[in-house]
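Here are my notes on the ligand site and the empty spaces in this protein. I hope they are handy to have beside you as you turn the view around.

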Amino acid sequence: MLFDPYPKNNLNDLYDRRAEIERLQNGVKYPLTVIQGLRRTGKSSLVKSVLNDMIYIDIRKYSGKGYISYRDLIEEFNNAINRDLKDRLRDVFKNISGINILGNSISLSWKKNRVRLIDVLNAIDDYYNNNNKNIIITIDEIQELIKLKGYNFLNDIAYSFDNFKSIKFVLTGSQIGALHNYLKMDDYNSPLYGRAYTLIDLKPFNREQSMDFLKKGFNEFNIDFNDAENVYNTLGGIPGWLAYYGFRYVNNSKDPMNETIKNARNTIIMEFCNFIANREMAFKRYYLILNKCIERSSWSEIKNYIENNEGNIIPNSVLNKMLNNLIDYSFIKKYDEKYELIDNMMRYAFK
Ligand code: ADP
Ligand code: MG
């Protein structure tokens, strides 16, 4: 069902994305694929619908946390491996120090006899290599790992890239600037520097796709829907909002548009709070910038707006840093010397 409000895990439920599907299928023949795209454009859906033999790790759940520990990372791997390699654990993890096999699951120890993640990966690679198969490791919303303290997971990806034959990494990120700041593919000092990778840029649907998506989704319920243009004009082309609207509609909501807006508003406010979590002092200012960006605004219009509100001067460097952060975390974009919200629905959260 196209209007299912959860990430899709089946190509039949995925609307279009033919070019991206093909690019991903090709990409995973090589060590590293990166999928960038705004929140709710369908990154998780793409990965889960297209890729089969895969260990899937979602870091999004840490978005509200201030930091991530090595233990958290090990536990994420532990859970994902138990789920995704369930029927072959004993074959993969024979005789590896720090890994206990108990019944149908493994337990990676992170205390005494601490397991090295790279040894875990090595064991997985060996197994698949011996079986002449590839295994994909997807780290969804990897930019959150910027908060991982005392351990650089990029070293493991780089090592794997250089030494393993069967492991292929797929990394996704919604906060596109932050994603690239984390991966630092072009930074000479970064572990991943100079490695070739396939980049997939998942865009929102355009007008035509959005309307066709709605039409096809409603067709599955034998509903002849005539309001697609209006819906697109309000919601924009983010698949997640369109799917949510369709879902409410076919579930007999009294006012699906209003409910979609309310849901979007709450979700975006929560995401803004996560973004603010380590920047509480600047809450009001960030809010003012976003509020001003409901209308496309120039740098000086934003600066005046904040200063009028605060009755204080805001230093240029401070404003620039804040604007860059909002760009990196995909709240606003800069276009033709003006700043604007990146998603139509944000206007309801920041008004
Ligand atoms: P992301 O991982 O980029 O945040 P998700 O994969 O979670 O996005 O998708 C967000 C919502 O949009 C989900 O309800 C999903 O079912 C829907 N969706 C996204 N892309 C598509 C698509 N191509 N076809 C159908 N539904 C989609
Ligand atoms: Mg996702």
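**Notes on the ligand site, pockets and cavity**

1. Let's begin at the ligand, keeping in mind that this is a predicted model. A polar backbone atom of D4 lies 3.1 Å from an oxygen atom of ligand 1. Y6 also takes part through its backbone, with an N or O atom 2.7 Å from an oxygen atom of ligand 1. At T41, a polar backbone atom is 3.3 Å from an oxygen atom of the ligand. As for how covered the ligand is, on its own it has 550 Å² of accessible area, and the protein covers 94% of that.

2. Next, the wider surroundings. The shell around ligand 1 is made up of 22 residues, and Y6, K8, Y15, K43 and S45 are the closest of them. If you colour these neighbours by class, you will find 10 nonpolar, 7 charged and 5 polar residues in the shell.

3. Which helices each supply at least two residues of that shell? They are α2, spanning 43-50, and α10, spanning 239-250. Of the two, α2 is worth picking out when you make a figure, as this helix gives the most to the shell, with 3 residues.

4. Now zoom out to the space that holds the ligand. Ligand 1 sits in the largest pocket, whose volume is about 1300 Å³. There are 48 residues in the lining of this pocket, and those nearest its centre are R39, R40, R60, E141 and E271. By class, the lining has 18 nonpolar, 17 charged and 13 polar residues.

5. Several elements of secondary structure build the lining of the largest pocket. Helices α2, α10 and α11 (256-276) and strand β2 (54-58) each supply at least two residues. Here the top contributor is α11, which gives 6 residues to the pocket lining, while in the shell around ligand 1 the most comes from α2.

6. Please have a look at the second largest pocket too. Its volume is about 320 Å³, and 19 residues line it, with K333, L341, I342, D343 and N344 nearest the centre. Helix α9 (228-235) and strand β10 (338-341) each supply at least two residues of this lining. The class split is 10 nonpolar, 5 charged and 4 polar residues.

7. Finally, the closed space. Rolling a probe the size of a water molecule over the atoms shows where empty space is left. How many cavities of 30 Å³ or more does the count give? The count comes to 1, and the largest cavity has a volume of about 50 Å³. To find the cavity on screen, select L38, R39, R40, I238, S330, I342, D343 and M346, which line it. This lining divides into 4 nonpolar, 3 charged and 1 polar residue.

8. One last thing to check in the viewer is how these linings share residues. R39 and R40 line the largest cavity and are also among the residues nearest the centre of the largest pocket. I342 and D343 line the cavity as well, and both are listed among the residues nearest the centre of the second largest pocket.

Definitions and conventions. Residues numbered from 1 in each chain as written. Chains lettered and ligands numbered in written order. Predicted model: local features only at pLDDT ≥ 70, side-chain atom pairs only at ≥ 80, totals over all residues. Heavy atoms only, no water. Near = heavy atom within 4 Å. Polar contact = N/O pair within 3.5 Å; in protein donor to acceptor, adjacent residues only side chain to side chain. Areas by Shrake-Rupley, 256 points an atom, 1.4 Å probe, with all protein chains shown as cover. 1 Å grid on protein atoms, 1.4 Å probe; cavity = no way out; pocket = protein on both sides within 12 Å on 5 of 7 lines; lining within 4 Å. Sits in = over half its atoms within 2 Å of the grid points. Helix = DSSP H or I, 4+ residues; strand = E, 2+ residues; numbered from the N terminus. Nonpolar A, V, L, I, M, F, W, Y, C, P; charged D, E, K, R; others polar. Points joined across faces, edges and corners; volume = space filled by probe spheres on them.
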